[in-house]
Amino acid sequence: EVREAVMAGAEACYALNRRYGGLIKPDIVFFGEALPRRFSEHSIEDLKSCDLLIILGTSLKVKPFAGLPNLVKPGTPILLLNRQQVLRSADVFMQGDCDDGVLELARLLGWEAELVELHERESGRLYAKGEHDTNNVV
């Protein structure tokens, strides 16, 4: 229902809000929904200046994301953390779930304790505000 309301526009969202007494929209962009303005303002510049491109959990079939790996400067390493190999040009492919891959990457970089502490702190903050997610990263 939230997706349909978002796609229908503001009035549909207000109606759904009134119907349920509040709404929570996931922090995602639905298929067909406009991307945030910041994406179009900065994505090309950001990609051309990045030193490492990390791609997480995607099919890379939907534009504009399908073409983003082609925008990095030649020689920029690409790390793909995904269930399937969807990018043959990736320098490193870590197969698996994103949460597990990010935790393993943090462990390899010596950042695991910091990531776990950050996750616990932010999860506690969100839980206190009533915005918690039942999914746990670690």
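The following paragraphs lead from the overall fold of this predicted model to its largest pocket and to a pair of aromatic rings.

The protein chain has 138 residues, of which 17% are buried. Its secondary structure consists of five helices and three strands. Followed along the sequence, these elements appear in the order α-α-α-β-β-β-α-α. Contacts also link distant parts of the sequence: of those between residues at least 6 apart, 40% join residues at least 24 apart. The accessible surface of the chain amounts to about 10,200 Å², and carbon and sulfur atoms account for 55% of that area.

Attention may now turn to the largest pocket, which has a volume of about 640 Å³. It is lined by 23 residues, and those closest to its centre are Ile28, Val29, Leu35, Phe39 and Phe65. By character, the lining comprises 13 nonpolar, four polar and six charged residues.

Two of the residues closest to the pocket centre, Phe39 and Phe65, also form an aromatic pair. A search of the whole structure finds one such pair. The ring centres of Phe39 and Phe65 are 5.4 Å apart, and their planes meet at 50°, an arrangement classed as tilted. Phe39 belongs to helix 3 (residues 37–49), whereas Phe65 lies in the loop between strand 1 (53–56) and strand 2 (78–82); the pair therefore ties together parts that are 26 residues apart in sequence.

Are these two rings buried or exposed? Phe39 has a relative accessible area of 22% and is therefore partly exposed, since buried means under 20%. Phe65, at 35% relative accessibility, also counts as partly exposed.

Key: Residues are numbered from 1 along each chain as its sequence is written. This is a predicted model: local features need pLDDT of at least 70, side-chain atom pairs count only at pLDDT 80 or more; totals for chains, interfaces and linings use all residues. Side-chain values use heavy atoms; hydrogens and water are left out. On a 1 Å grid over the protein atoms alone, a cavity is a set of points where a 1.4 Å probe fits but cannot get out, and a pocket is an open set with protein on both sides within 12 Å along at least five of seven lines; lining residues have an atom within 4 Å of a point. Grid points are joined across faces, edges and corners, and a volume is the space filled by probe spheres set on the points. Ala, Val, Leu, Ile, Met, Phe, Trp, Tyr, Cys and Pro count as nonpolar, Asp, Glu, Lys and Arg as charged, and the others, Gly among them, as polar. Rings of Phe, Tyr and Trp (its six-membered ring) pair if their centres lie within 6.5 Å; planes under 30 degrees apart count as stacked, over 60 as edge-to-face and the rest as tilted. Helices (H or I, at least four residues) and strands (E, at least two) are DSSP runs, numbered from the N terminus. Buried means under 20% relative accessible area, exposed over 50%, partly exposed in between (1.4 Å probe, protein chains only). Contact means heavy atoms within 4.5 Å. Accessible areas come from the Shrake-Rupley method with a 1.4 Å probe; for residues, only the protein chains shown count as cover.
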